[in-house]
Amino acid sequence: MSQTLQAIRGMNDILPAEAELWEQFEESIRDWLNAYGYRPIRMPMVESTPLFARAIGEVTDIVEKEMYSFEDALNGENLTLRPEGTASCVRAVLQHNLLYDGPKRLWYMGPMFRHERPQKGRYRQFHQVGVEAMGFSGPDIDAEQIAMCARLWDDLGLEGIRLEINTLGQSEERARHRGELVAYLEGHRGQLDADAQRRLHSNPLRILDTKNPELQGLVESAPKLIDFLGEESLKHFEGVQQLLKDAAIPYRINSRLVRGLDYYNLTVFEWVTDQLGAQGTVCAGGRYDGLIAQLGGKPAPGCGFAMGIERLLALWQDQGHRHLAPAPDAYLVHQGEAAGRFAFRVAEHLRSAGFSVQLHCGGGSFKSQMKKADGSGAQIALIIGDDETAIEAVSVKPLRADADQPATQVRVGFDELADHLGDILFPMEDDNGNL
Ligand code: ATP
Ligand code: MG
């Protein structure tokens, strides 16, 4: 017996009930982004490998070990399935010169690919909503992006997501800090694990972000970047904090929140929950004022964030929320050949009038069809047999009877049917659709 084919490990099917939840989430996302003036952009899912090496950095988990890279069998080009969206977004902005007439607010949503060990909240194909603002240098855009997230959690009814922020200063400030940090870590070389030893000279800031509990004490008392910041950097950080306070958004400064690369600067932030186990970061972002130049563009500041849709939706469901499964207005049952043809015509007619209609397909007794009608969640069953077909009429039976809507079945002519359904489904509206 041949074995049934399976999806790739860590790459999930999103089945209809779940996919409906995703669609409702995506709808909220669009409304929310509109409210802040962000415009959509869609980039390819495959890019040339050097783009990610340059944009994310050689000495990062993503580039070192998580990318799905392959050689194009036809022309030998090195390609990678995108592990994140910022690199592609900046590439697209530069390629199409989008900043020629001023700053831009952009967003995208879609699958990302990372070769990680699959577990709850960590997949090999996962989905992000990414938000990027390019050309804005002030702390207002950083604070606005953070406030946006707070509003989204609120819109979605999500609770218990806390905000951590930090500043990375500018590269000269980090260089001075780095010198002191490396000296400090070298002084404690014996305590470092293999990862930290390896990063000691290539990317020592990342050591501060270690997940190894045995290094926590060492990392706590390491030299702090904030003590090396100049006036400008401090002012930017204070600007962000002032706006957060004005907006009554609580935050905690976490000096260990870092990004190891020179073109990340100033603000970084993460939104974290304790309710998803080890995969608690639902959203992460910050400034990348050096990235556009790093990718060959005219220097321009940037600030953005990405959130993990799987983690957000898992949290939403864990917090007891349920989405409304969509149901058709009417389910149409029928029996007999002539009735089947008439039913097909009735269904199309009602859809033209704006109703959603599920036409029963595949035959069966009226009784079994009525069960399907009930299970569909429709408000109304429409019944067509030989009698109805002969006089071009339809029997209408409300399925969700209550005091206002007694379950009496009535027969209605084809021409009156749409109005009749309107009266049942939207009893408070007049003929112009006003309440
Ligand atoms: P982590 O520390 O959890 O690996 P990260 O720092 O690699 O996260 P980012 O690159 O900042 O994550 O991506 C932004 C968000 O995308 C994360 O906060 C998370 O919500 C989500 N995310 C990242 N990797 C995955 C994954 N493999 N599966 C599901 N969601 C992910
Ligand atoms: Mg990761």
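How many of the 7 residues of strand 11 (residues 302–308) are buried? The legends below describe close-up views of a predicted model, and the first view gives the answer.

**View 1. Strand 11 and its neighbours.** In strand 11, 7 of the 7 residues are buried, so the strand is largely enclosed by the rest of the structure. In a regular strand, side chains alternate between the two faces of the sheet. Here both faces are covered: G302, G304, A306 and G308 are buried on one side, and C303, F305 and M307 are buried on the other. Strand 6 (residues 125–134) runs antiparallel to strand 11 and is joined to it by 7 bridges. Within this pairing, Q128 stands opposite G308. Strand 10 (residues 281–287) also pairs with strand 11 in the antiparallel sense, over 5 bridges. The bridge partner of G286 in strand 11 is G304.

**View 2. Two nonpolar cores.** In soluble globular proteins, nonpolar side chains tend to be buried together. The largest nonpolar core of this model has 47 residues. The residues with the most contacts inside this core are I41, C89, V90, M134, L185, L208 and L291. Leaving aside residues up to four places away in sequence, L185 touches L192, L200, I207 and L218. A second core, separate from the largest one, has 40 residues, including L21, V129, C149 and L244.

**View 3. The two assigned domains.** The domain assignment divides the chain into domain 1 (16–169 + 229–318) and domain 2 (330–425). Between the C-alpha centres of domain 1 and domain 2 the distance is 49 Å.

**View 4. An open sheet with helices packed on it.** This open sheet is formed by 5 strands in the order 13-12-14-15-16, with mixed pairing. Strand 13 (357–359) and strand 16 (410–413) are the edge strands, and each pairs on one side only. On average, neighbouring strands are turned by 30° against each other, direction ignored. Helix 12 (residues 337–352) packs on the sheet and touches strand 12 (330–334), strand 13, strand 14 and strand 15. The direction of helix 12 makes about 160° with that of strand 13. Helix 15 (residues 414–425) also packs on the sheet, where it touches strand 14, strand 15 and strand 16. The direction of helix 15 makes about 130° with that of strand 16.

**View 5. The pairing of strands 14 and 15.** Strand 14 (residues 380–384) and strand 15 (residues 393–398) run antiparallel and are joined by 4 bridges. I380 stands opposite P398 of strand 15.

**View 6. N203 in a loop.** N203 lies in the loop between helix 7 (194–202) and helix 8 (216–220). Buried means under 20% relative accessible area, so N203, at 3% relative accessibility, counts as buried. The N203 side chain reaches the backbone oxygen of V59 at 3.0 Å. N203 and E238 are 35 residues apart along the chain, and their C-alpha atoms are separated by 27 Å.

**View 7. Two residues with positive phi.** Most residues other than glycine have a negative phi. N97 has a positive phi, near 50°. N97 lies in the loop between helix 4 (86–95) and strand 5 (104–113), and at 47% relative accessibility N97 counts as partly exposed. L266 has a positive phi of about 50° although it is not a glycine. L266 is found in strand 9 (residues 265–272), and L266 is buried, with a relative accessible area of 4%.

Conventions: Residues numbered from 1 in each chain as written. Chains lettered and ligands numbered in written order. Predicted model: local features only at pLDDT ≥ 70, side-chain atom pairs only at ≥ 80, totals over all residues. Heavy atoms only, no water. Core = buried A, V, L, I, M, F, W, Y, C linked by side-chain atoms within 4.5 Å. Buried < 20%, exposed > 50% of the residue type's maximum accessible area, 1.4 Å probe, protein only. Contact = heavy atoms within 4.5 Å. Domains from an automatic or database assignment. Pairing = 2+ DSSP bridges. Axes fitted to C-alpha atoms, helices over the stretch in contact; angles between N-to-C directions. Polar contact = N/O pair within 3.5 Å; in protein donor to acceptor, adjacent residues only side chain to side chain.
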